[in-house]
Amino acid sequence: MKITSDHLARGAFIYIRQSTVDQLANNHESRRRQYGLAERARALGWTDVTVIDDDLGRSGSGVSRPGFEKLLSAICEGRVGAVFAIEVSRLARNGRDWHTLIEFCGLVGAVIVDEDGIYEPHHPNDRLLLGMKGTMSELELSLLRARSMEALKQKARRGELFFTVAVGYVKMGPDKIEMDPDLREAIGLVFTRFAEMQSIRQVFLSLRSDQIALPYINPRISGQQQVLWKLPVYTTVSNLLTNPVYAGAYAFGRTGSRTIIENGRKRIVRGRRKDRSDWAVLLVDHHEGYLSWADFERNQRLIADNANGKGMMVRGPVRKGEALLAGLLRCGQCGRRLLVGYNGAKGDVGRYKCDATRSNPEGDPCISFGALRVDEAVGAEIVRLLQPLGVEAAIQAIAQREHQSGEKQRQIELALEQARYEATRARRQYDTVDPENRLVAHELERRWNGALAAVRALEEELEALVRQRPAALSAEERQRLLQMGAELEAAWHHPAATAVTRKRIIRVVLREVVAHVEGDQIHLLLHWQGGDHTRLTVRKNRRGQTRWSVEPETVELIRACARLMPDKAIAGLLNRAGKRTCRSNGWSQSRVRGFRNTHGIAVYRDGEWAERGEVTLTEAAGMLNLSSATVLRQIAAGIIPAEQYCKGAPWVIKRRDIEQSHLIEHADTCPNGPPSSNLDQKTFAFQ
């Protein structure tokens with residue numbers, strides 16, 4: 001007899017386990033059989049019976065099992081006389097746990113009992129039989145798993161395997177899905193807004209702001225999938241935009257599992273996303289999609305570019321700030337992405353810099369330059385190239401505004417239609433119930449009232465939306481938009497055009513910009529989305545210069561004019577020439593004076609002309625006894641040598657050139673006086 005008094009003096013431990021949660025929820029008979037082993041232990045003579053059921057819903061293939069650990073501890077402490085299981089393969093599904101159990105039971109003299117018999121692990125024959133059973137059980141599971149997985153993959157290669165159906169689709173037959181007509185507009189709205197905003201977060205925020213609900217399927221409700229509606233969360237929008245099923249593609253094996261070792265036990269990490277190249281099956285144009293495959297791939301590139309910290313040249317999302325090329329600039333020396341930093345009193349002065357020193361603190365910094373001139377140069381180039389498309393963009397903006405105003409109204413109308421259907425169905429259920437069944441009638445009446453309340457709430461929301469809906473664009477507003485489209489440069493610099501808007505335009509047409517600094521020049525290579533390239537050269541500020549600096553041509557003009565005329569006259573000359581201050585203001589006497597003081601330019605003094613031996617046009621005309629117009633004609637003819645720094649500046653004539661004898665003789669022969677006999681005839685001095 002294998003069961004001795006020593007075994008009965010110790011306790012009997014009943015180990016109960018079911019591998020999955022699904023078995024725990026649906027396979028009740030197996031669990032009842034395992035709990036029934038306690039009665040068998042008592043029938044065999046044990047009075048101390050312990051049931052261990054901590055591992056219900058856990059696999060026996062080597063993962064952490066607290067119940068099995070408790071059983072091993074009790075065996076080592078000598079408290080176990082027998083281990084009961086419905087079959088010995090239930091105790092462990094891997095060789096490590098199985099042979100550990102056999103070894104411990106053999107050391108303490110415990111027996112293992114299942115429905116087939118009683119085994120003594122310290123006995124060689126029983127030990128051999130237990131070892132073979134464990135090996136065969138492990139092999140059997142491996143074979144069954146391999147056959148099942150190959151069958152699933154074979155069906156997936158034909159595009160006919162569907163465990164679940166994505167929201168927005170319905171299953172037609174065992175191996176086909178079709179677009180759900182009731183959810184077409186709601187799902188399509190997400191893709192429409194992403195094409196406009198190009199950011200998952202912005203789409204999510206816009207849907208929440210407009211209070212637009214999206215359909216979803218509750219995975220906790222077993223049986224038939226029921227479509228529910230709620231305000232979206234970020235994960236819902238992200239799943240819709242990244243799932244290839246909405247592009248008409250069938251994909252299998254997008255996620256996988258990974259086995260790691262934790263505390264001496266294997267741990268299976270599931271749900272790990274794979275790269276597209278590692279997917280088991282990908283069938284494009286498998287069914288009707290909400291967008292084309294080309295649009296889906298473009299969306300994935302945008303989503304990848306919007307991710308921060310995902311690579312050296314990931315552009316990142318459009319962020320706040322005045323720097324327009326953030327995320328697009330790449331260093332021409334080391335190839336790293338240029339970062340942007342802001343400083344200044346208001347924190348709006350941008351500067352691009354290479355982050356080579358961040359990854360290598362001992363290395364030398366590559367390049368760094370201000371953002372103002374680079375952004376202006378790139379913006380001007382984009383405006384120049386997009387100018388012919390400005391009118392078409394304005395027309396599309398008008399149509400888009402009118403379309404967006406009706407999106408939310410359409411979604412509420414669809415939700416109202418669904419709510420009215422639910423209310424009608426609740427009324428039919430209430431009408432068919434037996435009045436004598438009061439509890440059921442009361443519950444159906446409550447559901448009907450709830451459905452009617454939901455209908456009324458949606459009707460009120462729709463009425464409020466219609467009242468608050470903005471009026472259509474007037475003819476004047478349409479004309480203004482078309483005019484701004486024709487003048488794209490004015491629209492680009494318009495105060496209402498924010499930096500975020502300009503950044504989105506730039507990212508649509510530009511792929512990246514490679515920057516290289518040589519001396520006081522910044523060389524830019526613009527890579528357009530279509531594959532073309534453009535080279536630009538921008539002047540770089542020297543150390544100590546600021547963004548608020550006057551053009552060098554204007555500085556030289558003021559320096560030259562300060563030797564010819566007073567500050568008030570210089571201001572008038574600059575304004576007539578179209579020159580502006582560093583902050584785009586007009587010139588005045590005080591501004592010219594301040595500019596001179598800053599740049600160390602001496603003020604004009606009376607008598608400077610005489611000291612240099614120079615005369616003005618009026619003085620030259622008096623010396624020659626001619627009119628100013630006559631002197632101008634002689635200057636134009638090259639008879640009188642003279643210089644003029646710029647158009648509108650005074651003519652500078654050397655006194656020695658006027659005092660030459662041949663000029664005086666030529667002046668005597670020139671007609672003097674008005675060309676008319678009328679004494680009231682006047683002349684004008686033109687310069």
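1. A quick definition first: a salt bridge here is a side-chain nitrogen of Lys or Arg within 4 Å of a carboxyl oxygen of Asp or Glu. Keep in mind that this is a predicted model. Going by that rule, the count comes to 29 salt bridges. A few are picked out below.

2. Take Arg-193 and Asp-210, whose side chains meet in a salt bridge at 2.9 Å, N to O. Arg-193 sits in helix 8 (residues 184–197), while Asp-210 is in the loop between helix 9 (200–209) and strand 8 (214–217), so the pair ties together parts that are 17 residues apart in sequence. As for accessibility, Arg-193 is buried at 6%, because buried means under 20% relative accessible area. Asp-210, at 24%, counts as partly exposed.

3. Over at Arg-10, the side chain joins that of Asp-6 in a salt bridge, with 2.9 Å from N to O. Arg-10 counts as buried, at 13% relative accessibility. Its partner Asp-6 is partly exposed, with a relative accessible area of 46%.

4. Then there's Arg-612, which forms a salt bridge with Glu-614; their closest N and O atoms are 3.0 Å apart. Which of these two is buried? Glu-614 is, with a relative accessible area of 10%. Arg-612 comes out partly exposed at 30% relative accessibility.

5. Don't look at that last pair in isolation. Arg-612 and Glu-614 belong to a network of salt bridges that also links Arg-563, Glu-608 and Lys-654.

Methods:
Residues are numbered from 1 along each chain as its sequence is written. This is a predicted model: local features need pLDDT of at least 70, side-chain atom pairs count only at pLDDT 80 or more; totals for chains, interfaces and linings use all residues. Side-chain values use heavy atoms; hydrogens and water are left out. Buried means under 20% relative accessible area, exposed over 50%, partly exposed in between (1.4 Å probe, protein chains only). Helices (H or I, at least four residues) and strands (E, at least two) are DSSP runs, numbered from the N terminus.
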